[in-house]
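Visitor: I am new to this structure and would like to learn how to read it step by step. Could you show it to me and begin with the words I will need?

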Amino acid sequence: MATKRKGQTVQSVERSLAILEAMAREGEPMSLKDISAEVELTPSTVHRLLATLMSRGFVRQDPATGHYFLGLK
């Protein structure tokens, strides 16, 4: 069984998972500002992480509103 030990986690992975969890809890498209507030990270950091999650299909963006929502993965 894996346990979380200080210094043995990857910060960007932890942050990306926090974003995915926040979006799953919300259950509807979220703005960058709302995601940033929920995970307590700067919008620029969240934007970079969302770009990566989008490139892998985990997150999608509504072109009309700019809001983000979970992808099919």
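Guide: Let us begin with two words: a residue is called buried when its relative accessible area is under 20%, and exposed when that area is over 50%, with partly exposed in between. Please keep in mind that this is a predicted model.

Visitor: Which residues lie on the face of α2 turned away from its buried side?

Guide: That face carries Lys33 and Ala37, both of them exposed. The buried residues of α2, on the other hand, are Ile35, Ser36 and Val39. Because these buried residues cover an arc of only 100 degrees around the axis, they come to lie on the same side of α2.

Visitor: What do the buried residues of α2 pack against?

Guide: They pack against α1, which spans residues 11-26, against α3, and against β2, which spans residues 68-70.

Visitor: How should I place these elements within the whole chain?

Guide: The chain holds 3 helices and 2 strands, and, read along the sequence, they follow the pattern α-α-α-β-β. Of its 73 residues, 26% count as buried, and the C-alpha atoms fill a box of roughly 40 × 25 × 20 Å when this is taken along the principal axes. Among contacts with a separation of 6 or more, 37% come from residues 24 or more positions apart.

Visitor: Could we follow one residue of α3, and why does Val46 count as buried?

Guide: Val46 lies in helix α3, which covers residues 43-55, and it counts as buried because its relative accessibility is 0%, where the cut-off is under 20%. To see what surrounds such a residue, one can set aside the residues up to four places away in sequence; Val46 then touches Ile19, Leu32, Ile35, Ser36, Val39 and Leu41. With one of these, Ile35, the separation is 11 residues in sequence and 7.5 Å in space, from C-alpha to C-alpha.

Visitor: What is found in the loop between α2 and α3?

Guide: Glu40 is found in that loop, and it takes a positive phi of about 55 degrees just after α2. The positive value is found here in a residue other than glycine. As for its surroundings, Glu40 is exposed, because its relative accessible area of 71% falls in the range over 50%.

Visitor: Turning to α1, is Ser16 buried or exposed?

Guide: Ser16, whose place is in helix α1, counts as buried, at 14% relative accessibility. A polar atom of its side chain lies 2.9 Å from the backbone oxygen of Ser12. Leaving aside neighbours within four places in sequence, Ser16 is in contact with Leu49 and Leu53.

Visitor: And how does Leu17 compare with the cut-offs you gave?

Guide: Leu17 is also placed in helix α1, and it is partly exposed, because its relative accessible area is 42%, a value in between the limits for buried and exposed. Together with Val10 and Val13, Leu17 forms a nonpolar patch on the surface, and the three have about 250 Å² of accessible area together.

Visitor: How much of the accessible surface of the chain belongs to carbon and sulfur atoms?

Guide: The accessible surface of the chain comes to about 5,400 Å², and 53% of it belongs to carbon and sulfur atoms.

How values were computed
Residues numbered from 1 in each chain as written. Predicted model: local features only at pLDDT ≥ 70, side-chain atom pairs only at ≥ 80, totals over all residues. Heavy atoms only, no water. Helix = DSSP H or I, 4+ residues; strand = E, 2+ residues; numbered from the N terminus. Buried < 20%, exposed > 50% of the residue type's maximum accessible area, 1.4 Å probe, protein only. Contact = heavy atoms within 4.5 Å. Arc of directions from axis to C-beta. Patch = residues over 30% accessible without salt bridge, like charges linked within 9 Å, V, L, I, M, F, W, Y side chains within 5 Å. Areas by Shrake-Rupley, 256 points an atom, 1.4 Å probe, with all protein chains shown as cover. Salt bridge = Lys/Arg side-chain N within 4 Å of Asp/Glu carboxyl O. Polar contact = N/O pair within 3.5 Å; in protein donor to acceptor, adjacent residues only side chain to side chain.
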